Amino acid sequence: MRKPLIGLTANRDDARSPLSVNAAYSEAVLAAGGIPVLLTFPLPEEDILQLTDTLDGILFTGGGDIHPFFFGEETHRSCGPVFPERDRAELALAKAADAAGLPVLGICRGAQILNVALGGDIFQDIPSQAKGGGPFPIAHRQPFSASIPAHRVQVEPGSLLEKIAGPGPLAVNSLHHQAIRRLAPGLTCCGLAPDGIIEAVWKPEHKFFLGVQWHPERLRGAQTEIKTGPQAEASACADAIFEAFVRACGMRS
(Lines give C-alpha, C1' and ligand atoms only; values in the text may rest on other atoms or scores of the structure.)
Protein backbone atom coordinates (compact mmCIF):
# COMPACT_ATOMS: atom_id res chain seq x y z
CA MET A 1 0.00 0.00 0.00
CA ARG A 2 1.35 3.42 -0.96
CA LYS A 3 2.39 5.52 2.01
CA PRO A 4 1.41 9.22 1.97
CA LEU A 5 4.09 11.78 1.10
CA ILE A 6 4.10 14.58 3.67
CA GLY A 7 6.02 17.81 3.20
CA LEU A 8 7.83 19.22 6.26
CA THR A 9 8.75 22.91 6.11
CA ALA A 10 12.41 23.55 6.86
CA ASN A 11 13.77 26.00 9.40
CA ARG A 12 16.46 28.60 8.70
CA ASP A 13 17.80 31.44 10.81
CA ASP A 14 19.06 33.59 7.96
CA ALA A 15 20.17 33.45 4.32
CA ARG A 16 23.60 32.00 5.22
CA SER A 17 22.53 29.36 7.74
CA PRO A 18 21.80 25.75 6.75
CA LEU A 19 18.30 24.39 6.27
CA SER A 20 17.23 22.11 9.09
CA VAL A 21 14.30 20.35 10.70
CA ASN A 22 14.14 18.77 14.14
CA ALA A 23 14.31 15.00 13.69
CA ALA A 24 11.35 14.61 16.06
CA TYR A 25 9.01 15.85 13.29
CA SER A 26 10.16 13.34 10.68
CA GLU A 27 10.25 10.55 13.27
CA ALA A 28 6.65 11.30 14.24
CA VAL A 29 5.51 11.19 10.60
CA LEU A 30 7.41 7.94 9.97
CA ALA A 31 6.01 6.32 13.11
CA ALA A 32 2.47 7.23 12.04
CA GLY A 33 2.96 5.63 8.61
CA GLY A 34 3.92 8.57 6.39
CA ILE A 35 7.02 9.47 4.38
CA PRO A 36 8.48 12.88 5.35
CA VAL A 37 9.81 15.13 2.57
CA LEU A 38 11.84 18.23 3.50
CA LEU A 39 10.62 21.43 1.80
CA THR A 40 13.10 24.21 1.11
CA PHE A 41 12.57 27.88 0.24
CA PRO A 42 12.25 30.27 -1.46
CA LEU A 43 9.50 28.56 -3.48
CA PRO A 44 8.27 30.05 -6.77
CA GLU A 45 4.49 30.05 -7.21
CA GLU A 46 4.57 27.37 -9.90
CA ASP A 47 6.60 25.10 -7.61
CA ILE A 48 4.12 25.57 -4.78
CA LEU A 49 1.26 24.55 -7.06
CA GLN A 50 3.19 21.46 -8.14
CA LEU A 51 3.86 20.55 -4.52
CA THR A 52 0.18 20.74 -3.59
CA ASP A 53 -0.58 18.46 -6.55
CA THR A 54 2.15 15.97 -5.62
CA LEU A 55 2.15 15.84 -1.83
CA ASP A 56 -0.55 14.19 0.25
CA GLY A 57 -0.21 16.58 3.21
CA ILE A 58 1.93 19.35 4.69
CA LEU A 59 3.31 19.73 8.20
CA PHE A 60 4.20 23.33 9.08
CA THR A 61 6.92 23.05 11.69
CA GLY A 62 8.03 25.32 14.53
CA GLY A 63 10.83 27.90 14.42
CA GLY A 64 11.48 31.63 14.69
CA ASP A 65 9.05 34.52 14.86
CA ILE A 66 6.90 35.69 11.95
CA HIS A 67 7.83 39.12 10.58
CA PRO A 68 5.07 41.52 11.70
CA PHE A 69 4.80 43.16 8.27
CA PHE A 70 3.03 40.01 7.08
CA PHE A 71 0.09 40.77 9.37
CA GLY A 72 0.18 44.55 9.04
CA GLU A 73 2.08 45.62 12.16
CA GLU A 74 5.28 47.39 13.09
CA THR A 75 7.90 45.42 15.01
CA HIS A 76 7.30 45.12 18.75
CA ARG A 77 10.42 45.58 20.89
CA SER A 78 10.06 42.01 22.21
CA CYS A 79 9.70 40.38 18.80
CA GLY A 80 12.41 37.77 18.23
CA PRO A 81 14.59 36.89 15.21
CA VAL A 82 12.77 36.57 11.88
CA PHE A 83 13.56 35.24 8.40
CA PRO A 84 11.08 36.78 5.93
CA GLU A 85 11.95 34.37 3.09
CA ARG A 86 10.66 31.48 5.15
CA ASP A 87 7.57 33.46 6.14
CA ARG A 88 6.78 34.34 2.53
CA ALA A 89 7.15 30.75 1.29
CA GLU A 90 5.13 29.20 4.12
CA LEU A 91 2.31 31.72 3.89
CA ALA A 92 1.96 31.06 0.15
CA LEU A 93 2.16 27.32 0.72
CA ALA A 94 -0.53 27.45 3.42
CA LYS A 95 -2.90 29.35 1.13
CA ALA A 96 -2.29 26.91 -1.71
CA ALA A 97 -2.77 23.88 0.54
CA ASP A 98 -6.02 25.29 1.83
CA ALA A 99 -7.28 25.97 -1.69
CA ALA A 100 -6.32 22.44 -2.78
CA GLY A 101 -7.99 20.81 0.21
CA LEU A 102 -4.67 19.28 1.26
CA PRO A 103 -4.51 17.89 4.82
CA VAL A 104 -2.50 20.32 6.94
CA LEU A 105 -1.02 20.22 10.44
CA GLY A 106 0.61 23.34 11.92
CA ILE A 107 2.76 23.07 15.05
CA CYS A 108 3.63 26.11 17.22
CA ARG A 109 4.89 28.67 14.67
CA GLY A 110 3.12 26.50 12.09
CA ALA A 111 -0.26 27.13 13.72
CA GLN A 112 0.46 30.86 13.66
CA ILE A 113 1.42 30.66 9.96
CA LEU A 114 -1.93 29.03 9.14
CA ASN A 115 -3.78 31.82 10.93
CA VAL A 116 -1.79 34.65 9.33
CA ALA A 117 -2.03 33.07 5.87
CA LEU A 118 -5.82 33.08 6.06
CA GLY A 119 -6.09 36.66 7.34
CA GLY A 120 -5.62 36.54 11.11
CA ASP A 121 -2.85 37.94 13.30
CA ILE A 122 -0.75 37.06 16.34
CA PHE A 123 0.59 38.44 19.57
CA GLN A 124 4.20 39.40 18.85
CA ASP A 125 4.98 38.83 22.54
CA ILE A 126 2.56 37.20 24.98
CA PRO A 127 4.00 38.57 28.26
CA SER A 128 3.81 42.22 27.15
CA GLN A 129 0.68 42.11 24.94
CA ALA A 130 -1.75 39.50 26.26
CA LYS A 131 -3.87 39.99 29.35
CA GLY A 132 -4.00 36.64 31.12
CA GLY A 133 -7.34 35.55 32.46
CA GLY A 134 -6.09 32.84 34.82
CA PRO A 135 -5.13 32.93 38.51
CA PHE A 136 -1.41 33.40 37.67
CA PRO A 137 0.85 33.75 34.60
CA ILE A 138 1.09 30.52 32.61
CA ALA A 139 4.60 29.44 31.57
CA HIS A 140 4.22 29.55 27.80
CA ARG A 141 8.00 29.18 27.69
CA GLN A 142 8.34 26.34 30.15
CA PRO A 143 11.46 26.14 32.34
CA PHE A 144 11.99 22.37 31.94
CA SER A 145 12.29 19.66 29.30
CA ALA A 146 9.90 19.74 26.34
CA SER A 147 9.12 16.06 26.96
CA ILE A 148 7.25 17.11 30.12
CA PRO A 149 3.86 18.87 29.85
CA ALA A 150 3.58 22.35 31.39
CA HIS A 151 -0.12 23.20 31.41
CA ARG A 152 -3.48 21.93 30.22
CA VAL A 153 -5.69 22.88 27.28
CA GLN A 154 -9.48 22.99 27.34
CA VAL A 155 -10.94 21.30 24.24
CA GLU A 156 -13.90 22.66 22.29
CA PRO A 157 -16.71 20.06 22.16
CA GLY A 158 -17.50 18.81 18.67
CA SER A 159 -14.16 19.94 17.23
CA LEU A 160 -11.59 17.99 15.25
CA LEU A 161 -9.29 18.13 18.28
CA GLU A 162 -11.92 16.47 20.47
CA LYS A 163 -12.46 13.80 17.83
CA ILE A 164 -8.73 13.07 17.79
CA ALA A 165 -7.71 13.44 21.44
CA GLY A 166 -10.92 13.24 23.44
CA PRO A 167 -12.72 15.82 25.59
CA GLY A 168 -9.65 16.85 27.59
CA PRO A 169 -8.35 18.83 29.26
CA LEU A 170 -5.13 17.91 27.48
CA ALA A 171 -1.68 18.01 29.07
CA VAL A 172 0.68 19.89 26.71
CA ASN A 173 4.16 21.37 26.62
CA SER A 174 4.76 25.05 25.85
CA LEU A 175 7.74 26.59 24.01
CA HIS A 176 6.58 29.91 22.56
CA HIS A 177 6.26 33.63 23.22
CA GLN A 178 3.98 34.40 20.26
CA ALA A 179 0.44 33.10 19.79
CA ILE A 180 -2.69 33.54 17.72
CA ARG A 181 -4.59 36.71 18.62
CA ARG A 182 -7.34 37.46 16.07
CA LEU A 183 -8.65 34.36 14.32
CA ALA A 184 -8.64 34.28 10.54
CA PRO A 185 -11.99 34.04 8.74
CA GLY A 186 -12.98 30.37 8.50
CA LEU A 187 -10.79 29.25 11.39
CA THR A 188 -12.31 28.23 14.72
CA CYS A 189 -10.65 27.97 18.11
CA CYS A 190 -10.74 24.42 19.46
CA GLY A 191 -8.32 24.68 22.38
CA LEU A 192 -7.62 27.29 25.07
CA ALA A 193 -4.94 27.61 27.76
CA PRO A 194 -6.09 28.47 31.31
CA ASP A 195 -5.14 32.12 30.69
CA GLY A 196 -7.24 32.36 27.52
CA ILE A 197 -4.42 32.03 24.96
CA ILE A 198 -5.56 30.18 21.84
CA GLU A 199 -3.83 26.80 21.77
CA ALA A 200 -5.53 25.05 18.85
CA VAL A 201 -7.46 26.03 15.72
CA TRP A 202 -9.20 24.12 12.95
CA LYS A 203 -11.18 24.73 9.80
CA PRO A 204 -14.51 22.89 10.11
CA GLU A 205 -15.29 22.67 6.38
CA HIS A 206 -11.80 21.36 5.57
CA LYS A 207 -10.99 17.64 5.50
CA PHE A 208 -8.07 18.07 7.95
CA PHE A 209 -6.83 21.55 8.82
CA LEU A 210 -5.45 21.72 12.36
CA GLY A 211 -3.00 23.97 14.16
CA VAL A 212 -1.71 23.34 17.69
CA GLN A 213 0.42 25.75 19.68
CA TRP A 214 2.26 23.04 21.59
CA HIS A 215 4.84 20.51 20.33
CA PRO A 216 3.31 17.01 20.12
CA GLU A 217 6.42 15.72 18.32
CA ARG A 218 8.31 16.24 21.60
CA LEU A 219 5.66 14.48 23.70
CA ARG A 220 5.24 11.27 21.70
CA GLY A 221 5.66 7.95 23.47
CA ALA A 222 9.05 7.44 21.83
CA GLN A 223 10.25 10.83 23.11
CA THR A 224 9.23 10.59 26.78
CA GLU A 225 11.01 8.73 29.55
CA ILE A 226 8.14 8.47 32.03
CA LYS A 227 4.98 6.68 30.93
CA THR A 228 2.71 7.54 33.84
CA GLY A 229 0.68 10.56 34.98
CA PRO A 230 0.64 13.75 32.88
CA GLN A 231 3.37 12.52 30.55
CA ALA A 232 1.37 9.42 29.69
CA GLU A 233 -1.66 11.61 28.94
CA ALA A 234 0.40 13.95 26.77
CA SER A 235 2.05 11.06 24.95
CA ALA A 236 -1.27 9.45 24.02
CA CYS A 237 -2.59 12.79 22.72
CA ALA A 238 0.57 13.44 20.69
CA ASP A 239 0.51 10.01 19.06
CA ALA A 240 -3.19 10.42 18.24
CA ILE A 241 -2.60 13.78 16.51
CA PHE A 242 0.07 12.40 14.16
CA GLU A 243 -1.87 9.21 13.48
CA ALA A 244 -5.01 11.18 12.57
CA PHE A 245 -3.04 13.56 10.35
CA VAL A 246 -1.20 10.82 8.45
CA ARG A 247 -4.44 8.85 8.11
CA ALA A 248 -6.11 11.90 6.52
CA CYS A 249 -3.12 12.26 4.17
CA GLY A 250 -3.39 8.58 3.27
CA MET A 251 -7.01 9.00 2.25
CA ARG A 252 -5.86 11.56 -0.33
CA SER A 253 -3.10 9.39 -1.78
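Contact here means heavy atoms within 4.5 Å. The views below show a predicted model.

**View 1. The whole chain is as compact as a globular protein of its length.** The protein chain has seven helices and 11 strands. Its radius of gyration is 17 Å, close to the 18 Å that the globule rule gives for 253 residues, so the chain is as compact as a globular protein of that length. The C-alpha trace spans about 50 × 45 × 35 Å along its principal axes. Of the 253 residues, 53% count as buried. Take the contacts between residues at least 6 apart in sequence: 70% of them join residues at least 24 apart.

**View 2. Aspartate 65 is buried yet has no salt bridge.** Aspartate 65 sits in the loop between strand E3 (57–60) and helix H3 (84–100). Its contacts, not counting residues up to four places away in sequence, are Cys79, Gly80, Pro81, Val82, Asp87, Arg109, His177 and Gln178. With glutamine 178, aspartate 65 makes a polar contact, side chain to side chain, at 3.4 Å. The nearest side chain of opposite charge belongs to arginine 141, 5.5 Å away. A salt bridge needs a nitrogen-to-oxygen distance within 4 Å.

**View 3. Arginine 109 and aspartate 87 meet in a salt bridge.** The N to O distance is 2.7 Å. The pair links distant parts of the chain, with arginine 109 in helix H4 and aspartate 87 in helix H3, 22 residues apart. Arginine 109 is buried, at a relative accessible area of 3%. Aspartate 87 is buried too, at 0%. Both residues also appear among the contacts of aspartate 65.

**View 4. Glutamate 90 and arginine 86 form a salt bridge within helix H3.** Their closest N and O atoms are 3.1 Å apart. The two residues are four apart in the helix, which separates them by about one helical turn. An α-helix has 3.6 residues a turn, so residues three or four places apart point the same way. Glutamate 90 and arginine 86 are both buried.

**View 5. Helix H4 is mostly covered.** H4 runs over residues 109–117, and nine of its nine residues are buried. Among them are Arg109, Gln112 and Asn115, as well as Ile113, Leu114 and Val116. The buried residues of H4 pack against E3, H3, strand E4 (104–107), strand E5 (122–123), strand E8 (179–180) and strand E11 (209–212). After the helix comes glycine 119, whose phi is positive, near 110°.

**View 6. The largest nonpolar core holds 36 residues.** Leu59, Leu210 and Trp214 touch the most other members. Helix H7 (residues 229–252) supplies the largest share of this core, 11 residues. Apart from this core lies another, of 29 residues, including Leu43, Ile66, Leu102 and Ile113. In soluble globular proteins, nonpolar side chains tend to be buried together. Tryptophan 214 has contacts that include Val153, Leu161, Leu170, Val172, Leu219, Cys237 and Ile241, not counting residues up to four places away in sequence. Asn173 and Glu199 are also among the residues that tryptophan 214 touches.

**View 7. Histidine 215 lies in the loop between E11 and H7.** Histidine 215 is buried, with a relative accessible area of 9%. A polar contact of 2.6 Å joins its side chain to that of glutamate 217. Histidine 215 also touches Tyr25, Gly62, Ile107, Cys108, Asn173 and Leu175, not counting residues up to four places away in sequence. Ile107, Cys108 and Asn173 are touched by tryptophan 214 as well.

**View 8. Arginine 220 and aspartate 239 meet in a salt bridge.** The N to O distance is 3.9 Å. This pair links distant parts of the chain, 19 residues apart: arginine 220 in the loop between E11 and H7, aspartate 239 in helix H7. Arginine 220 is buried, with a relative accessible area of 7%. Aspartate 239 is partly exposed, at 25%.

**View 9. Glu73, Asp121, Arg181 and Arg182 are linked in a network of salt bridges.** The structure holds 10 salt bridges. Side chains of opposite charge can pair when their charged atoms come close.

Definitions and conventions
Residues are numbered from 1 along each chain as its sequence is written. This is a predicted model: local features need pLDDT of at least 70, side-chain atom pairs count only at pLDDT 80 or more; totals for chains, interfaces and linings use all residues. Side-chain values use heavy atoms; hydrogens and water are left out. Buried means under 20% relative accessible area, exposed over 50%, partly exposed in between (1.4 Å probe, protein chains only). Lys and Arg count as positive and Asp and Glu as negative; His and the chain ends are not counted. A polar contact is a pair of N or O atoms within 3.5 Å; within protein, one must be able to donate a hydrogen and the other to accept it, and residues adjacent in sequence count only if both atoms are side-chain atoms. A nonpolar core is a set of buried Ala, Val, Leu, Ile, Met, Phe, Trp, Tyr and Cys residues joined through side-chain atoms within 4.5 Å. The radius of gyration is taken over C-alpha atoms; the globule rule is 2.2 Å times the number of residues to the power 0.38.
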